[in-house]
Amino acid sequence: LGLREGDVAMVHASLRAVGEVAGGPDEVHLAIKDVITPSGTMLMYASCPDHVDDVGRDGLTPEQEAEILEKLPPFDPYTARSCRDNGALVELFRTYPGSHVNNHVARFVVWGKHTDHLLSPQPWHYAFGHGSLLERFVDLDGKILLLGSDHDNVTFLHYAEHIVDIPDKRVARFQVPVLEHGRRVWKEMEEFDTSSRGVHVSWPDRFFAVIVDDYLAATTNRGGRVGNAESYVLSAPGLLVHALEAMRATARSS
């Protein structure tokens, strides 16, 4: 696919699409590490379990919000399970020796040479935008590895949404439970809306998949197979340029 020693690779994977692997599913992230070697870096988006960042997003009933506010324990980035929607591989990767995470609900798992740099402090608000891990990933000429994953789930494109200069971007404001001085507190957070409705009213259905597929076509990237999974390696800076133009054009046409 074009992944090489020393690469900084952000991975999205469907173990179901890859199929049965001799030695078990951990062999998938171990194989990636074998290719990029310790001179490279691997990262995945783990996020947080259900309900941790739901309060205030208008997706719950008042009764559900009240129960969550009463009962949900504080989010611990070092022990909390990865969001189940992000697939099984990220949780295997998170809990494997040598992996590290950032102290944020916008949580990434990182292994390799640039771990400390990528996990350096990022903004509490707008955690996918300027000053974020994703910005540092671009600066490192990162690559995105898709192993049978849905092209609409490329988390990196939230960085493009955060930095694109278009009017009327949606802002999401919500609360998350964190531990401060030994007590659970509900801390306000805001971001440009990363929910499925998109950051702008003009976004079409499955806009991220449209952007990724158009970029693959424009770069004549036919990918290959890893196990049974259709798989691709993309340039993060290249995808970013393509995505920003697509987002600006779509917003102008609305």
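Modeller: Two strands count as paired if DSSP finds at least two bridges between them. V226 gives a case: its bridge partner in β9 is A229. Keep in mind that this is a predicted model.

Biologist: Before the details, how many helices and strands does the protein have?

Modeller: Nine helices and nine strands. The C-alpha trace spans about 50 × 50 × 30 Å along the principal axes.

Biologist: What does the radius of gyration say about the fold?

Modeller: Compare the value with what a compact globule of that length would have. For 254 residues, the expected radius is near 18 Å, and the protein has 18 Å, which agrees. Of the 254 residues, 49% are buried.

Biologist: Which part of the contacts joins residues at least 24 apart?

Modeller: Take contacts between residues at least 6 apart in sequence. Of these, 70% join residues at least 24 apart.

Biologist: What does the surface expose, and how much do carbon and sulfur atoms supply?

Modeller: The protein exposes about 12,400 Å². Carbon and sulfur atoms supply 49% of that area. As for charge, there are 24 positive and 36 negative side chains. The centres of the two sets lie 2 Å apart.

Biologist: Now the sheet. What holds strands side by side?

Modeller: Strands of a sheet pair through backbone hydrogen bonds, and the pairing can be parallel or antiparallel. Here, seven strands form an open sheet with mixed pairing. The order is β3-β4-β2-β1-β5-β9-β8.

Biologist: Which strands stand at the edges?

Modeller: β3 (100-101) and β8 (224-226). Each has a single partner strand, so one side of each is left without a neighbour in the sheet.

Biologist: Start from the β8 edge, then. In what sense do β8 and β9 pair?

Modeller: Antiparallel, over three bridges, with β9 covering residues 229-235. To read a pairing, match residues one by one. R225 has E230 of β9 as its bridge partner. V226 has A229. The two strands form a hairpin with two residues between them. In that turn, G227 has a positive phi of about 60°.

Biologist: What pairs with β9 besides β8?

Modeller: β5 (residues 143-147), again in the antiparallel sense, over five bridges. I144 has L234 as its bridge partner in β9. L145 stands opposite V233.

Biologist: And how does β1 pair with β5, parallel or antiparallel?

Modeller: Parallel, over five bridges, with β1 running through residues 8-13. A13 stands opposite L147 of β5.

Biologist: How many residues of β9 are buried?

Modeller: Buried means under 20% relative accessible area. Five of the seven residues of β9 are buried, so the strand is largely enclosed by the rest of the structure. In β5, five of five are buried. Look at its two faces: K143, L145 and L147 lie on one side, I144 and L146 on the other. Both faces are covered.

Biologist: I also look for odd backbone angles. Which residue other than glycine has a phi near 65°?

Modeller: D168. Place it first, then ask about cover. D168 sits in the loop between α7 (157-163) and β6 (171-180). Its relative accessibility is 69%, which counts as exposed. S47 is another non-glycine with a positive phi, of about 60°.

Biologist: Where is S47, and is it buried or exposed?

Modeller: S47 lies in the loop between β2 (41-45) and α3 (62-71). With a relative accessible area of 8%, S47 is buried.

Biologist: One last site. Where is L140?

Modeller: In the loop between α6 (133-139) and β5. L140 has a relative accessible area of 24%, which makes it partly exposed.

Biologist: Which residues is L140 in contact with, leaving aside neighbours within four places in sequence?

Modeller: V8, H114, H117 and L118. Sequence separation and spatial separation are read side by side. L140 and P237 are 97 residues apart in sequence. Their C-alpha atoms are 9.2 Å apart in space.

Methods. Residues numbered from 1 in each chain as written. Predicted model: local features only at pLDDT ≥ 70, side-chain atom pairs only at ≥ 80, totals over all residues. Heavy atoms only, no water. Helix = DSSP H or I, 4+ residues; strand = E, 2+ residues; numbered from the N terminus. Rg over C-alpha atoms; globule rule 2.2 N^0.38 Å. Buried < 20%, exposed > 50% of the residue type's maximum accessible area, 1.4 Å probe, protein only. Contact = heavy atoms within 4.5 Å. Areas by Shrake-Rupley, 256 points an atom, 1.4 Å probe, with all protein chains shown as cover. Lys, Arg positive; Asp, Glu negative; His and termini not counted. Charge placed at Lys NZ, Arg CZ, Asp CG, Glu CD.
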